[in-house]
Amino acid sequence: MLGAAVCFLLLLARAGPTGAEMISVTADQDVTINIRQATGSLSFAECQMCTQEGDCNSEYQILPGATLLFNFTCDDPEHNFIMEVKKEIAEADDLEDLLPQSLPKLNTTYIWAINVPYNVGVWISFPENHLQQMDSGYCPDLVQYMIKGHVRYDNKKEVPVGTFCRNGTIYNLKIQGRTLIALEVPWTEVIDDAGFQLSFVNPIKKFSVVDVVLQPETPAYFMSANWPQGFPNDELMTWTFAVPSNHHANVTVENFTLPSCVKREAGWFFGPSVLGKKSNQFHKSFMLTLQNCDMDSSSATGLTLRFKVELFTDYGERFEIKLRKEDAVSVKFKQLLEDNNSLFCICKFPVSSDCASELQLNPGDHLNISFHFQCNRAHNITVEATKHVSCKDQDECSVKNVDLVLPTTLSTLPVPQQTFKWVLEAPPEMTIQLATKRLKLQQLLPGQSCNGNLTYNMSTFCEDGTSSTVGLFCPHGAMEQIQTADSVSLELLTSDAWSSSDLDISLSFIPRVTEDFIMKVTPEAGSPVHLLTPNWELGMPNKLTASWDISVPEDHVAELSFLNHSIPHCEHGHVIISVDEQWEDATLTSYRETDALPNSPITLAHNFWLNVSNCEPSSGHLNLMFHVLVKEYEDDMEMVMIVLAAVGGLALIIAITVIVCCVKKRRRQQSQPALGIYNPSVNNHIPRHRWKFGKTRQENESHIYAVIDEDRVYADHFNKPQLLSIPEVDVYRPFQGPMGSVPPTLPPPRGTIPKGSSPEAMPMVSNDLYTFSMKKVDVENNGEMVSFLGNGEKDSSS
């Protein structure tokens with residue numbers, strides 16, 4: 001026996017350079033043991049093998065029948081040395097005790113070289129632990145088998161059958177002729193036997209045969225021999241698959257390449273060794289064969305095949321649908337017609353000809369159903385369940401915070417495409433309220449989809465048949481509550497791998513509210529929230545009102561932006577969009593259809609209402625998209641304070657400048673004559689019919705104007721027909737001639753005094769323009785010419 005022939009002795013005596021315990025290893029006949037230092041381990045000086053005689057080396061080979069007594073000079077030889085145990089097996093040898101026992105704990109490769117003639121078949125059975133074939137990489141437990149065969153025309157050339165791990169579906173391997181089996185085991189793994197049994201059989205007439213027992217729910221992958229270099233020339237390989245009852249198998253080819261052939265054809269097929277019709281679904285045991293041709297040796301392309309086999313339960317598995325305990329629930333099963341028009345997938349149990357493409361179950365029904373095995377339930381079948389909830393009056397509508405749950409009868413169905421619909425109806429004096437307890441809702445924008453596998457589609461309808469869409473929603477958003485005056489249809493759309501824990505909707509019937517829609521939104525800081533008006537794209541229904549109650553946390557502000565909108569032309573009524581902060585001194589901001597909506601965000605520091613009401617349009621539709629972003633209040637206030645500080649500093653500079661200018665101006669006025677117009681009361685003791693001054697014209701400064709009032713300078717601007725009176729105006733004009741010592745005589749108005757008449761007889765006309773001038777003897781000083789609008793009273797005796 002091989003296990004008794006190979007001994008492992010731990011001696012009590014200490015020897016060698018490190019004083020470690022000596023190890024004795026004896027190899028029996030047909031067994032060769034090789035122990036060597038692993039690549040990348042410690043250097044030879046740090047860890048080596050030393051015999052009892054004191055000879056040290058990095059590698060020792062123990063030939064059949066020999067014994068070696070040695071020790072390791074390091075404390076962790078398992079990290080630095082590897083061992084290879086090779087056993088030669090002939091056709092007449094005993095095939096028991098394939099695995100040697102009591103060897104040092106090192107990373108070990110066991111090799112069984114089975115040397116038999118080519119006409120002998122080698123049967124390798126894995127009764128205890130079936131195998132799975134690996135494409136690449138390592139097995140999870142680092143225990144892996146590598147199996148090789150030989151081809152007929154070259155008995156020395158090894159051809160890999162494959163690399164295999166434990167815990168799979170392969171229970172037998174048959175190889176024609178010489179075979180090599182290698183088992184890699186880490187030093188941490190303790191194994192008691194080789195894990196397989198050997199026997200010799202008649203010729204299998206193929207390079208290899210792989211026997212497989214399929215298991216549900218776990219796909220199995222298989223590769224052709226010598227993958228991916230190419231299957232041997234002019235060879236055959238077969239896989240046989242055992243399919244359990246009430247199941248069927250799907251075969252999917254994932255990689256297939258054809259060589260350039262000189263003789264015969266290459267390909268894969270099901271059944272006997274002839275190329276025939278390919279199918280990919282089987283409800284009983286079947287085989288798949290790979291056949292190569294006589295290849296063109298000059299071509300670099302070889303024959304390769306990689307495929308996947310999946311096992312599914314067939315129509316023999318039945319599903320019980322009980323609707324007796326589900327109040328007002330109906331269920332419809334529907335087959336997608338584009339998949340297979342000639343095959344009916346939905347059957348009543350037991351399986352018979354009673355199959356159809358649709359099956360309707362009404363409230364109270366109880367039925368067993370099954371699905372045809374050739375129908376892919378993940379893609380071919382849809383299920384729609386509908387539950388009606390309604391009440392007639394306020395007493396009957398005592399529903400408050402009742403969870404909308406799924407029918408339990410559908411929870412175990414293996415159909416991922418399921419739609420659950422709740423139809424909610426209330427009397428006119430009631431309002432329907434949908435709220436979330438754990439997960440708030442996120443409204444989807446056009447073109448968006450939910451990150452998870454669950455979507456709500458909410459719409460409303462009325463008794464007259466009109467309906468509108470509220471929107472699509474996902475869990476994990478900012479909308480806490482939706483109130484609507486109309487009846488509601490709420491659809492829950494699911495896809496594969498959806499979780500019922502994401503369902504969080506409760507129903508309440510509350511007293512009637514004034515608006516058609518009220519939505520409560522609680523945004524989180526830094527998370528933008530998008531909101532759409534009902535019936536987006538088609539347009540908000542006529543005369544409908546919608547309101548959003550938007551919360552703003554303390555020490556935060558909300559920025560409300562109008563991102564996208566279309567406004568109709570109104571025939572009756574008006575479109576009104578209003579923003580109303582919910583605090584005492586708030587100012588209502590509203591816009592009509594004729595107003596332009598602001599391009600910049602509106603900043604709001606308190607909870608606020610966003611209200612939209614539609615008119616009866618003559619053309620166009622009302623569509624509004626809002627954006628709400630909540631930010632920390634301090635961020636905005638810092639910017640406000642900076643702006644206020646800048647504005648305040650600028651105002652202070654302007655105020656100081658104005659004060660300085662005013663003071664300078666006042667001082668200048670005090671040093672100049674006080675009057676800027678002619679004053680007839682100067683020297684009022686002189687008769688008014690005399691123009692006389694206390695000083696001569698050269699000495700008196702009353703004719704000099706320190707200030708000219710604007711209403712006198714700009715008289716022409718006031719002389720307009722719509723003015724009731726024309727203000728008096730003095731116009732300053734320079735005079736270049738000499739000036740006399742007395743005021744000049746007043747000439748008569750042109751064309752108004754008859755020849756020889758006295759000036760006293762001439763009536764003065766209000767607002768006539770008089771000009772007087774006089775030449776002065778002293779031409780060194782410049783004079784003036786003064787024009788004014790007089791009052792018509794002048795004495796003629798000048």
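Here's a quick tour of salt bridges, one sheet and two surface patches in this structure. Keep in mind that the model is predicted. The salt-bridge count comes to 15, and a few of those pairs get a closer look below. After that come an open sheet of four strands and the patches, one with negative charge and one nonpolar.

**Salt bridges**

- Side chains of opposite charge can pair when their charged atoms come close.
- Asp135 and Arg306 do just that, with their side chains meeting at 3.1 Å, N to O. The two are 171 residues apart and tie together distant parts of the chain: Asp135 sits in the loop between β11 (131-134) and β12 (144-151), and Arg306 in strand β26 (residues 304-313).
- Arg306 is buried, because its relative accessible area of 17% falls under the 20% cut-off. Asp135, at 37%, is partly exposed.
- Glu254 joins in too: Asp135, Glu254 and Arg306 are linked in a network of salt bridges.
- Asp403 and Lys437 form another salt bridge, at 3.0 Å, N to O. Here 34 residues separate strand β34 (residues 402-403), home of Asp403, from Lys437 in the loop between β36 (430-435) and β37 (441-443). Asp403 counts as partly exposed, with 41% relative accessibility.
- Lys543 and Glu616 make a salt bridge at 3.4 Å, N to O. This one also links distant parts of the chain, 73 residues apart, with Lys543 in the loop between β44 (529-532) and β45 (545-550) and Glu616 in strand β52 (residues 616-619).
- Lys543 is exposed at 57% relative accessibility, while Glu616 is partly exposed at 26%.

**The four-strand sheet**

- The strand order is β27-β32-β29-β30, with antiparallel pairing. β27 and β30 (355-356) are the edges, each pairing on one side only.
- Four bridges hold β27 to β32 (residues 366-371). Among the facing residues, Phe319 is opposite Ile369, and Glu320 has Asn368 as its bridge partner.
- Side chains alternate along β27 (residues 319-322): Phe319 and Ile321 are buried on one face, whereas Glu320 and Lys322 point to the other face and aren't buried.

**Surface patches**

- Asp30, Asp93, Asp94, Glu96 and Asp97 gather in a surface patch of negative charge. One of them, Asp94, is in the loop between β8 (81-90) and β9 (107-115) and is partly exposed, at 49% relative accessible area.
- Val253, Phe256 and Leu258 make a nonpolar surface patch of about 220 Å². Leu258 is found in the loop between β20 (247-257) and β21 (261-263) and is partly exposed, at 45% relative accessibility.

How values were computed: Residues are numbered from 1 along each chain as its sequence is written. This is a predicted model: local features need pLDDT of at least 70, side-chain atom pairs count only at pLDDT 80 or more; totals for chains, interfaces and linings use all residues. Side-chain values use heavy atoms; hydrogens and water are left out. Patches are made of residues with over 30% relative accessible area and no salt bridge: like charges are joined within 9 Å, nonpolar side chains (Val, Leu, Ile, Met, Phe, Trp, Tyr) within 5 Å. Accessible areas come from the Shrake-Rupley method with a 1.4 Å probe; for residues, only the protein chains shown count as cover. A salt bridge is a side-chain nitrogen of Lys or Arg within 4 Å of a carboxyl oxygen of Asp or Glu. Lys and Arg count as positive and Asp and Glu as negative; His and the chain ends are not counted. The place of a charge is taken as NZ of Lys, CZ of Arg, CG of Asp or CD of Glu. Buried means under 20% relative accessible area, exposed over 50%, partly exposed in between (1.4 Å probe, protein chains only). Two strands pair if DSSP finds at least two bridges between them.
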